[in-house]
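The following exercises introduce a protein structure through its interior spaces and its packing. Each task is followed by a solution in steps.

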Amino acid sequence: MNELALLLAATLNAGTVLALAGLGLLINERSGIINLGAEGMMLVAAIAGFATAVSTGSDVLAFAAGAGAGALLAGIFGVLVIWLNTNQYATGLALSLFGSGFSAFVGIGFVQERLGERAKFAVPYLSDIPFIGTALFRQHPLVYGAMLLAAALAWFLYRSRAGLVLRAVGESPESAHALGYPVRRIRLAAVMAGGALCGLAGAYLSVIYTPLWVEGMVAGRGWIALALTTFATWRPARVLLGAYLFGGVTMLQFQLQGEGVQIPSQWLSMLPYLATIVVLVLISRNPTWIRVNMPASLGKPFTPGS
């Protein structure tokens, strides 16, 4: 039972990275913008957060640096695709490649660095409950923050006027523009908010989850987060559920390796990515379901007066 509790705790920890990034990309796509540069943003944010943590010893400043780096890169991406009407897919891929190379270059001096002992967190009284306490109530505060963020984002999108405007911009930017809403500025704000969450995910990965810096340490999580938005049909609660599903698969591979299961390690390492492919294939069997939930203007440029 204790091993199962530890596996559940590790699942929540691993899923938080995907949840934060997935929720950020969901905000992007709800506004009609698809950003394929999540991997690059997370890598730059990871080195920004780690370098800040090493230099200052403050996790809060590290998270702020990661979120700021993500928002900055997303802002550059936003200007290119929203005002200059560059191709969203090509620009996102360029951002991903840039982030990968830039983070590797900047991170050369931090490869051997190590952060100090990480603080232990526990919810008073609840953490002492057998099994449940170990599994659920000894997590970093950002784990619970991701859960609250998913709930807040669901309320924002479906219960607030601002969320309705954001969805309208994603569904029909021409109609939103005709009603007087600044479509371009709303999209840029959504893109930067999404970039900040991707950056926060990258900083959490290098400061809390590992905690160290290794070139390419995001290891495809940005692409899995992109797949999560489709898997979740652009709904926050489903993004959270999908993040923990993929996080659980990731942790399961380590659990099986630790128990000496006679399966080649390469096959076990493939499990999270294989799970992503299987889920997308299953969803793609019903294209109507995707069309009904997908923002109508996703990936399409908007030019006022066109």
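## Exercise 1: The enclosed space

The count comes to one cavity of 30 Å³ or more in this predicted model.

**Task.** Determine which residues line the largest cavity and which elements give two or more residues to its lining.

**Solution.**
Step 1. The space in the largest cavity amounts to about 50 Å³.
Step 2. Its lining consists of Ile33, Val81, Ile82, Gln88, Val183, Arg184, Arg187, Lys300, Pro301 and Phe302.
Step 3. Helix 3 (59-83) and helix 9 are the elements that give two or more residues to this lining, and helix 9 gives the most, with three residues.
Step 4. By kind, the lining residues of the largest cavity divide into six nonpolar, one polar and three charged.

## Exercise 2: One residue of the cavity lining

**Task.** Valine 183 is among the residues that line the largest cavity. Is valine 183 buried or exposed, and which residues does valine 183 touch?

**Solution.**
Step 1. Valine 183 belongs to helix 9.
Step 2. Its relative accessible area is 2%. Because buried means under 20% relative accessible area, valine 183 counts as buried.
Step 3. Leaving aside residues up to four places away in sequence, valine 183 touches Val169, Pro173, Ala176, His177 and Phe302.
Step 4. Phe302 also appears in the lining of the largest cavity.
Step 5. Alanine 168 is 15 residues from valine 183 along the chain, and their C-alpha atoms are separated by 9.5 Å.

## Exercise 3: The buried side of helix 7

**Task.** Identify the buried residues of helix 7 and explain why they lie on the same side.

**Solution.**
Step 1. Helix 7 comprises residues 161-171, and Gly163, Val165, Leu166, Val169 and Gly170 are buried there.
Step 2. These residues cover an arc of only 160° around the axis, and therefore they lie on the same side of helix 7.
Step 3. An α-helix has 3.6 residues a turn, so residues three or four places apart point the same way.
Step 4. The buried residues of helix 7 have as packing partners helix 1 (2-30), helix 6 (141-159), helix 8 (173-178) and helix 9 (183-209).

## Exercise 4: The nonpolar core

**Task.** State which residues touch the most other members of the largest nonpolar core and which helix gives the most to this core.

**Solution.**
Step 1. The largest nonpolar core has 84 residues, of which Met42, Phe63, Cys198, Tyr204, Val207, Trp213 and Phe246 touch the most other members.
Step 2. Helix 9 gives the most to this core, with 15 residues.
Step 3. Valine 207 touches Gly49, Phe50, Ala53, Asp59, Ala62, Phe63, Leu115 and Arg118, when residues up to four places away in sequence are not counted.
Step 4. In soluble globular proteins, nonpolar side chains tend to be buried together.

## Exercise 5: The two pockets

**Task.** Describe the largest pocket and the second largest pocket by volume and lining.

**Solution.**
Step 1. The largest pocket has a volume of about 530 Å³. Among its 19 lining residues, Asn13, Ala119, Lys120, Arg138 and His140 are the closest to its centre.
Step 2. Helix 1 gives the most to the lining of the largest pocket, with four residues. This lining divides into nine nonpolar, five polar and five charged residues.
Step 3. For the second largest pocket the volume is about 220 Å³. Of its 14 lining residues, Arg221, Thr250, Gln253, Pro272 and Tyr273 are the closest to its centre.
Step 4. Helix 11 gives the most to the lining of the second largest pocket, with four residues. That lining divides into 10 nonpolar, three polar and one charged.

Definitions and conventions:
Residues are numbered from 1 along each chain as its sequence is written. This is a predicted model: local features need pLDDT of at least 70, side-chain atom pairs count only at pLDDT 80 or more; totals for chains, interfaces and linings use all residues. Side-chain values use heavy atoms; hydrogens and water are left out. Buried means under 20% relative accessible area, exposed over 50%, partly exposed in between (1.4 Å probe, protein chains only). The arc is that of the directions from the helix axis to the C-beta atoms. Contact means heavy atoms within 4.5 Å. A nonpolar core is a set of buried Ala, Val, Leu, Ile, Met, Phe, Trp, Tyr and Cys residues joined through side-chain atoms within 4.5 Å. On a 1 Å grid over the protein atoms alone, a cavity is a set of points where a 1.4 Å probe fits but cannot get out, and a pocket is an open set with protein on both sides within 12 Å along at least five of seven lines; lining residues have an atom within 4 Å of a point. Grid points are joined across faces, edges and corners, and a volume is the space filled by probe spheres set on the points. Ala, Val, Leu, Ile, Met, Phe, Trp, Tyr, Cys and Pro count as nonpolar, Asp, Glu, Lys and Arg as charged, and the others, Gly among them, as polar.
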